[in-house]
Structure formats: structure tokens, C-alpha cells
Amino acid sequence: MGAPHRTVSGWECSRSNQEAPYTSMIWPEDHAWVVASEEDWDSTIIAGSRTLVDSILADDRFEAFEVHEGDDLSRDGDLLNPRRNPTAGP
């Protein structure tokens, strides 16, 4: 038996043989905010009003930082979780 899922009105899947929508970008009808996430990314980008951004940055449940145009979002640009050098095995 597969994992249960719920259907969200307006988010029906457009791909055959896929149970849930494949969403890499979501936003409300008024476009007041946007969430961008990709399965190959190590981050999720949230854009919105200054109030929204400030509330996310202030919430200790999230590892969040403000990004600006030109910031490096690759693994090498991660300042919170710097890449470690692999250690040699036995």
C-alpha cells in the first residue's frame, strides 16, 4: 500500500503515473510570495514582503539567511555548512 496523500484543489498532477503534483515553484493567486525548490538543490528559496522575510529570518526553527542577486547558492557558497574534506578510509 502506498503512502497516503491528499489532493489539493488546483494542484492536480499533470504528469501521467504520478500521484502528486511536481512543484518546484508555488505561489498564491495574488503572487504575494513564492517558494522555489528543486530536487537537486540543497536550499529552498522564499521571496515575499519584507515582513515575511523578516519573520522567516527570526524563526529559530529554520536555518535561514537572506540572499541577494549574485550570491553563490552552490554547495561551495554555503557559509553556514562549509563543505568538509573527506577523510581517508582505513
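**View 1. Val-35 and its partner across the strands.** Val-35 stands opposite Ile-46, a residue of strand S3. This is a predicted model, so keep that in mind for every view here. The two strands in this close-up, S2 and S3, pair in the antiparallel sense, and four bridges hold that pairing. To get from S2 to S3, the chain goes through a hairpin of six residues.

**View 2. Ala-36, with a partner on either strand.** Stay in strand S2, which covers residues 34-37, and look at Ala-36. Its bridge partner in S3 is Ile-45. Ala-36, in S2, is also the bridge partner of Met-25. That second pairing belongs to the link between S1 and S2, where two bridges join strands that run antiparallel.

**View 3. The whole sheet.** Pull back a bit and the strands line up as an open sheet of three, in the order S1-S2-S3, with antiparallel pairing. Which strands sit at the edges? They are S1 (25-26) and S3 (44-47), and each of them pairs on one side only.

**View 4. The chain from start to finish.** What do the elements look like when read from the N terminus on? The run is β-β-β-α, and the full tally is one helix and three strands. The chain has 90 residues, and 8% of them count as buried. Take the contacts between residues at least 6 apart in sequence: 7% of these join residues at least 24 apart. As for the outside, the accessible surface of the chain comes to about 8300 Å², and carbon and sulfur atoms account for 51% of that.

**View 5. Leu-57 and a nonpolar patch.** Here we move to helix H1, made of residues 50-58, where Leu-57 has its place. Is Leu-57 buried or exposed? The answer is partly exposed, because its relative accessible area is 32%, a value between the 20% and 50% cut-offs. Leu-57 has company on the surface: together with Phe-65, Val-67, Leu-73 and Leu-80 it forms a nonpolar patch. Taken together, these residues have about 410 Å² of accessible area.

**View 6. Asp-59 and Arg-61.** Just a short hop along the numbering, Asp-59 lies in the segment after H1. Asp-59 has a relative accessible area of 18%, so it counts as buried, since the cut-off for that word is under 20%. Look for its side chain and that of Arg-61: a polar contact of 2.6 Å joins the two.

**View 7. Asp-71 and the backbone of His-68.** The last close-up stays in the segment after H1, which is also where Asp-71 lies. Asp-71 is partly exposed, with a relative accessible area of 37%. What does the side chain of Asp-71 have to do with His-68? One of its polar atoms lies 2.6 Å from the backbone nitrogen of His-68.

How values were computed:
Residues numbered from 1 in each chain as written. Predicted model: local features only at pLDDT ≥ 70, side-chain atom pairs only at ≥ 80, totals over all residues. Heavy atoms only, no water. Buried < 20%, exposed > 50% of the residue type's maximum accessible area, 1.4 Å probe, protein only. Contact = heavy atoms within 4.5 Å. Areas by Shrake-Rupley, 256 points an atom, 1.4 Å probe, with all protein chains shown as cover. Patch = residues over 30% accessible without salt bridge, like charges linked within 9 Å, V, L, I, M, F, W, Y side chains within 5 Å. Salt bridge = Lys/Arg side-chain N within 4 Å of Asp/Glu carboxyl O. Polar contact = N/O pair within 3.5 Å; in protein donor to acceptor, adjacent residues only side chain to side chain. Pairing = 2+ DSSP bridges.
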